[in-house]
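Trainee: I would like to learn how to read the pockets, the ligand site and the unusual backbone features of a model. Could we go through them one by one?

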Amino acid sequence: MITVFGEGRGFRVVWLLEEMALAYQLRSVDLLAGVENDTEFLAVNPSGFIPAIQDGDATMVESIAIMEYLMARYGPTPLAPDPHDPAFPAYQQFLHLGEAGLATPMYFVVVSRNLEPEAERRNWGAAKALEVFESRLKLVKHQLGRSPYLAGDRFTAADISVTYALEFAQRTGCFVLGETERAYVNRTTGRDAYRRAMDTCQATKAWAAATRGQ
Ligand SMILES: N[C@@H](CCC(=O)N[C@@H](CS)C(=O)NCC(=O)O)C(=O)O
């Protein structure tokens, strides 16, 4: 049985597991309550960030690496095009851009605006991070002008990666999605596996409900 620790970017992992119809359990981790007393989780990830997974003897962190592991270990799956498929380069690029170019910079915008002392909220680093997010988003928009999904006509794990980042930006109130991205997110989140993942990830579901229409 695969155990996923924590929602947040763990939602990507749960969504992928639902798409692949693999058995798993979610073990919640409450970052806001503080992980310092969660010794069981700290034994899995001593750095204390989420998500992490345990699959038999394998323990991993980093949501994109976890998705790649699961697809390689339990695939083949249409979520990961074959390296010889013409869709592969775009797939690989957007799979990683969803975290490295979108979610990571947006995370620093979000924590700066919400958690830092008032005087430090509009700091240079947060402004630069937003600029990076917006610049990478141009690539997403450009690609969506050519195809319904980021790797072409078919939904892949790259769409899980980027959809998570776009919903994160939108729900935190740090970015308003344009029409192209909204239509894309409606498309990707209309999937049954997404709905099942939402039912598993109750904290994410509650957050989505509270911020809907934002
Ligand atoms: N690149 C990592 C980012 C992980 C990450 O920053 N997770 C956030 C929540 S979604 C977290 O645990 N933040 C608290 C911390 O970094 O201490 C991934 O994709 O898994």
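Trainee: In which loop is Pro51 found?

Mentor: Please keep in mind throughout that this is a predicted model. To place a residue, one looks for the elements on either side of it, and here Pro51 is found in the loop between α2 (39-44) and β3 (52-55). The peptide bond that leads into Pro51 from Ile50 is cis, with omega near 0°.

Trainee: Which other residues does a cis peptide bond join, and what is omega there?

Mentor: Gly75 and Pro76 are joined by a cis peptide bond with omega about 5°, and Pro76 has its place in the loop between α3 (63-74) and α4. While we are on the backbone, look also at Ala21, a residue other than glycine whose phi is positive, near 55°; Ala21 lies in the loop between α1 (10-19) and β2 (24-27).

Trainee: Which residues surround the ligand?

Mentor: A residue is counted here if one of its heavy atoms lies within 4 Å of the ligand. By that reading the ligand is surrounded by Gly8, Arg9, Arg12, Leu31, Phe49, Ile50, Pro51, Glu62, Ser63, Glu99 and Tyr107, so both residues of the cis bond between Ile50 and Pro51 belong to this shell. Sorted by class, the shell has 5 nonpolar, 2 polar and 4 charged residues.

Trainee: What distances separate nitrogen or oxygen atoms of the ligand from those of the protein?

Mentor: For such pairs one should note whether the protein atom belongs to the backbone or to a side chain. In the case of Ile50, a backbone N or O atom lies 2.8 Å from a nitrogen atom of the ligand. The side chain of Ser63 has an N or O atom 2.7 Å from an oxygen atom of the ligand, and the side chain of Tyr107 has one 2.8 Å from a nitrogen atom of the ligand. As for cover, the ligand taken alone exposes 510 Å², of which the protein buries 77%.

Trainee: Which pocket does the space taken by the ligand correspond to, and what is its volume?

Mentor: The space taken by the ligand is the largest pocket, and the volume of this pocket is about 1,200 Å³. It is lined by 30 residues, of which Gly8, Leu31, Ile50, Tyr107 and Phe168 are the closest to its centre. Two or more lining residues come from each of α4 (88-115), α6 and α9 (202-211), and α4 provides the largest share, 8 residues. By class, this lining divides into 15 nonpolar, 9 polar and 6 charged residues.

Trainee: What is the volume of the second largest pocket, and which residues are the closest to its centre?

Mentor: The second largest pocket has a volume of about 460 Å³, and among its 19 lining residues Glu167, Arg171, Val185, Tyr194 and Arg212 are the closest to the centre. The elements α6, α7 (179-188), α8 and α9 each give two or more residues to this lining, which has 6 nonpolar, 6 polar and 7 charged residues.

Trainee: How many cavities of 30 Å³ or more are there, and which residues line the largest cavity?

Mentor: Unlike a pocket, which is open, a cavity is a space from which the probe cannot get out. The count comes to 1 cavity of 30 Å³ or more, and the volume of the largest cavity is about 30 Å³. Its lining is made up of Phe11, Tyr164, Glu167, Arg171, Tyr194, Met198 and Thr204, with α6 (157-171) giving the most, 3 residues.

Terms used
Residues are numbered from 1 along each chain as its sequence is written. This is a predicted model: local features need pLDDT of at least 70, side-chain atom pairs count only at pLDDT 80 or more; totals for chains, interfaces and linings use all residues. Side-chain values use heavy atoms; hydrogens and water are left out. A polar contact is a pair of N or O atoms within 3.5 Å; within protein, one must be able to donate a hydrogen and the other to accept it, and residues adjacent in sequence count only if both atoms are side-chain atoms. Accessible areas come from the Shrake-Rupley method with a 1.4 Å probe; for residues, only the protein chains shown count as cover. On a 1 Å grid over the protein atoms alone, a cavity is a set of points where a 1.4 Å probe fits but cannot get out, and a pocket is an open set with protein on both sides within 12 Å along at least five of seven lines; lining residues have an atom within 4 Å of a point. A molecule sits in a cavity or pocket if more than half of its atoms lie within 2 Å of its grid points. Ala, Val, Leu, Ile, Met, Phe, Trp, Tyr, Cys and Pro count as nonpolar, Asp, Glu, Lys and Arg as charged, and the others, Gly among them, as polar. Grid points are joined across faces, edges and corners, and a volume is the space filled by probe spheres set on the points. Helices (H or I, at least four residues) and strands (E, at least two) are DSSP runs, numbered from the N terminus.
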